[in-house]
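Welcome! Take a slow look at the chain shown here, and then we will walk through it together, one part at a time.

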Amino acid sequence: MIDPKDVEGWVVTGHHNDVLTYVALDEPQDQSQIAVGLFGRLKRHRDGTELHVVHVEDRRD
């Protein structure tokens, strides 16, 4: 977990350095490190499993 200096909230890291999840101050009820980390992991999991395609545009000829 990263505590950014100029932003309110937290950034939760994962297995890949390029994948970061932002957790706002008002999201987790418990603001302990473990609770924020687990909340960030939950958000990342939902993003990967609950995605649905909104629009596809194919401009190939």
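## The overall layout

In what order do the elements of the protein chain run from the N terminus on? The order is β-β-α, which fits a count of one helix and two strands. Because its radius of gyration is 15 Å, well over the 10 Å that the globule rule gives for 61 residues, the chain is more spread out than a compact globule. Please keep in mind that this is a predicted model.

The box filled by the C-alpha atoms tells you about the outline: it is roughly 55 × 25 × 25 Å along the principal axes. Of the 61 residues in the chain, 20% are buried. The chain exposes about 5,500 Å², and carbon and sulfur atoms supply 51% of that area. Now consider the contacts with a separation of 6 or more: residues 24 or more positions apart account for 20% of them.

## The helix and its partners

Let us turn to the helix, α1, which covers residues 33-49. It has 17 residues and reaches 24 Å from its first C-alpha to its last, close to the 24 Å expected at 1.5 Å a residue.

Which residues of α1 are buried? They are Ala35, Val36, Gly37 and Gly40. A general point about helices is useful here: an α-helix has 3.6 residues a turn, so residues three or four places apart point the same way. What do the buried residues of α1 pack against? Their partners are the two strands β1 (10-12) and β2.

## A closer look at Thr21

Thr21 lies in strand β2, which spans residues 21-23. Is Thr21 buried or exposed? Its relative accessible area is 10%, so Thr21 counts as buried, the cut-off being under 20%.

Once neighbours within four places in sequence are set aside, Thr21 is in contact with Trp10, Val11, Val12, Gly40, Lys43 and Arg44. With Arg44 there is also a polar contact, side chain to side chain, at 3.3 Å.

## Salt bridges

How many salt bridges does the structure hold? There are four, and we can visit some of them. One of these joins Arg46 and Glu50, whose closest N and O atoms are 3.5 Å apart. Arg46 is partly exposed, with a relative accessible area of 44%.

Another salt bridge brings together the side chains of Arg59 and Glu57, at 2.6 Å from N to O. Here Arg59 is exposed, at 70% relative accessible area, whereas Glu57 is partly exposed, at 48%.

## Asp58 and Arg60

Where is Asp58 found? Look in the segment after α1. Asp58 forms a salt bridge with Arg60, and the closest N and O atoms are 2.8 Å apart. The side chains of Asp58 and Arg60 are also joined by a polar contact of 2.8 Å.

Why does Asp58 count as partly exposed? Its relative accessibility is 46%, and partly exposed covers the range between the buried cut-off of 20% and the exposed cut-off of 50%, so Asp58 belongs there. Its partner Arg60 has a relative accessible area of 68%, and because exposed means over 50%, Arg60 counts as exposed.

Notes:
Residues are numbered from 1 along each chain as its sequence is written. This is a predicted model: local features need pLDDT of at least 70, side-chain atom pairs count only at pLDDT 80 or more; totals for chains, interfaces and linings use all residues. Side-chain values use heavy atoms; hydrogens and water are left out. Helices (H or I, at least four residues) and strands (E, at least two) are DSSP runs, numbered from the N terminus. Buried means under 20% relative accessible area, exposed over 50%, partly exposed in between (1.4 Å probe, protein chains only). A polar contact is a pair of N or O atoms within 3.5 Å; within protein, one must be able to donate a hydrogen and the other to accept it, and residues adjacent in sequence count only if both atoms are side-chain atoms. Contact means heavy atoms within 4.5 Å. The radius of gyration is taken over C-alpha atoms; the globule rule is 2.2 Å times the number of residues to the power 0.38. Accessible areas come from the Shrake-Rupley method with a 1.4 Å probe; for residues, only the protein chains shown count as cover. The expected span of a helix is 1.5 Å times one less than its number of residues.
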